[in-house]
Amino acid sequence: MADASATTPAASAAPPAGGVQTFACPNCGGTIGIRAAGLTVSAVCEHCHSIVGVDNENLKIISKASAAAVRSALPIGGRGKLFDVEWEIIGFMVRSDPTEKWKWCEYLLFNPWEGFRFLVEAEGHWNFVRMLRRNIRGGAGVPVISYEDEIYRLYVYDGAKVLYVMGEFYWTVKVGEKVMAADYIAPPYMLSMERSGQDIIWSQAVYVEASEVASAFGAQALPGQSGVAPDQPSPFEPRYKSTMMTCAMFLVALIAVQIAGLFASHSQTLYANSYMASPGEKGQTVISTSFTAPEDTVNLWIHAFAPVDNNWLELDTSLVNLQTQADYGPLLSIEYWHGYDSDGSWSEGSRNASHTVGDAAPGNYQFTVSPDAGAFEKGNPQSFEIEIKNNVPIWSNFWISLVLIIIWPAVYLFRRRNFEVQRWSNSDYSPYASDDDE
Amino acid sequence: MNKLYSLYCLAILVSFAYANHKGYGMTELVTGGHHAGPGVHYHK
């Protein structure tokens with residue numbers, strides 16, 4: 001891109017139709033049409049593809065191009081309204097990096113009142129570009145630059161060359177012409193620097209949806225999109241802050257409810273006892289007692305402990321509400337195993353077992369216990385302890401809620417990050433470079 | 001404000017508060033809770 005100096009501030013209106021100046025190509029004699037007469041410096045003969053200097057009456061051939069014709073997605077002479085201005089496409093060029101692996105198309109747009117702009121297409125993604133009239137610090141590989149309160153990050157710093165041209169241009173265009181270029185991104189914007197010798201030109205691009213381009217120029221088919229464009233707006237960005245704020249708000253509420261619950265609940269031990277069961281008491285009722293759950297009772301917690309060592313204990317309990325005859329008694333299984341193997345020491349199981357009875361009614365309860373134990377098989381007794389409390393806090397509720405609240409933004413963050421990783425995948429300056437290497 | 005996520009969080013918070021009020025585990029809310037009938041033993 002070169003600096004566009006021909007702009008006249010005036011009301012934005014459509015360029016006059018049919019204002020095409022023609023002359024004969026000095027190479028083949030074919031007709032060359034000029035749409036920006038007086039501003040155009042070079043034009044390409046659509047018949048022989050020679051580039052002709054048209055900045056004065058002495059037409060001269062700049063180069064006899066031999067490149068095969070490239071069909072542009074938008075036609076020269078096509079008109080479309082973008083950003084409330086009607087533009088006419090007067091030039092088209094294909095450019096690439098030095099290896100010609102990465103190619104893009106640039107359309108030169110013209111409006112007699114607004115001057116020149118570019119519409120750039122790469123991998124099916126479109127950018128609307130205007131030249132800046134000021135120099136910006138950076139561009140020689142500086143990683144970050146600031147422009148109009150936006151922080152732009154270096155995306156690419158590489159050579160660029162012209163592969164193909166068609167139409168007319170306000171500078172002397174040459175196939176094979178090379179410049180050094182740097183792109184800095186702050187989606188949906190991109191700042192581009194091009195340096196040719198001592199000349200440095202800055203331009204600012206804004207990402208335009210392909211559908212908007214198609215609609216503006218009435219294009220039936222545009223190149224298919226692939227990947228994420230350097231300055232493509234992230235679909236996850238608009239809701240990022242609100243999602244994080246919502247998450248933080250509900251986490252605070254969750255913690256507040258939990259703390260309030262801890263202060264409000266009055267837990268007390270309703271029954272506690274220890275017992276030494278003999279083998280002869282296997283399956284017999286060894287504990288039979290009653291207790292009263294107070295009016296504020298919402299749950300009952302039955303806990304058992306047994307000092308088993310590579311052994312097991314089962315306590316068949318009965319916990320009957322004497323008013324409703326509902327039996328809440330669980331089977332409490334305790335087993336604890338440990339030892340050594342080739343991987344070192346191991347252990348599994350626990351010497352504790354517990355069960356929480358939710359929505360337990362207040363009132364009188366009858367509690368019985370019948371034991372069975374591995375120790376009985378060897379004729380040994382087995383000791384155990386039983387404790388029953390009411391209104392125990394259920395921490396699993398808190399952790400389950402915490403995970404459920406966090407999982408949504410976690411997935412959101414993961415997808416947002418994946419989008420950014422994809423955006424930076426074609427850059428040598430990716431902040432996710434180490435992740436890509438993994 | 002992300003409305004869908006807000007509703008989702010609100011549902012979790014209400015379930016959490018209700019489960020705590022009733023003394024349930026939240027998994028029991030999902031499974032319908034353990035309302036044992038007369039003479040019924042569960043977890044056996």
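The legends below describe three close-up views of a predicted model. Local features are given where pLDDT is at least 70 and side-chain atom pairs count at pLDDT 80 or more, while totals for chains, interfaces and linings use all residues. Residues are numbered from 1 along each chain as its sequence is written, and chains are lettered from A in the order in which they are written.

**View 1. Helix 2 of chain A and its packing partners.** Helix 2 (helices being DSSP runs of H or I with at least four residues, numbered from the N terminus) covers residues 240–264 of chain A. Its buried residues, those with 20 or more other C-beta atoms (placed from the backbone) within 10 Å of their own, are T243(A), T246(A), C247(A), F250(A), L254(A) and Q258(A). These buried residues pack against helix 3 (395–423) of chain A together with helix 1 (3–22) of chain B.

**View 2. An open sheet in chain A.** Four strands (DSSP runs of E with at least two residues) lie in the order 16-24-18-22 with antiparallel pairing, where two strands pair if DSSP finds at least two bridges between them. Strand 16 (268–277) and strand 22 (352–358) stand at the edges with a single partner strand each, so one side of each has no neighbour in the sheet. Strand 18 (residues 299–305) is joined to strand 24 (residues 382–390) by 6 bridges, and F305(A) has E385(A) as its bridge partner in strand 24.

**View 3. The contact between chain A and chain B.** Counting residues as in contact if their C-beta atoms, placed from the backbone, lie within 7 Å, the contact takes 31 residues from chain A and 29 residues from chain B. Helix 1 of chain B gives the most to its side, with 12 residues.

Key: The expected span of a helix is 1.5 Å times one less than its number of residues. A residue is buried if 20 or more other C-beta atoms lie within 10 Å of its own, exposed if 12 or fewer, and partly exposed in between; C-beta atoms are placed from the backbone. Two residues are in contact if their C-beta atoms, placed from the backbone, lie within 7 Å.
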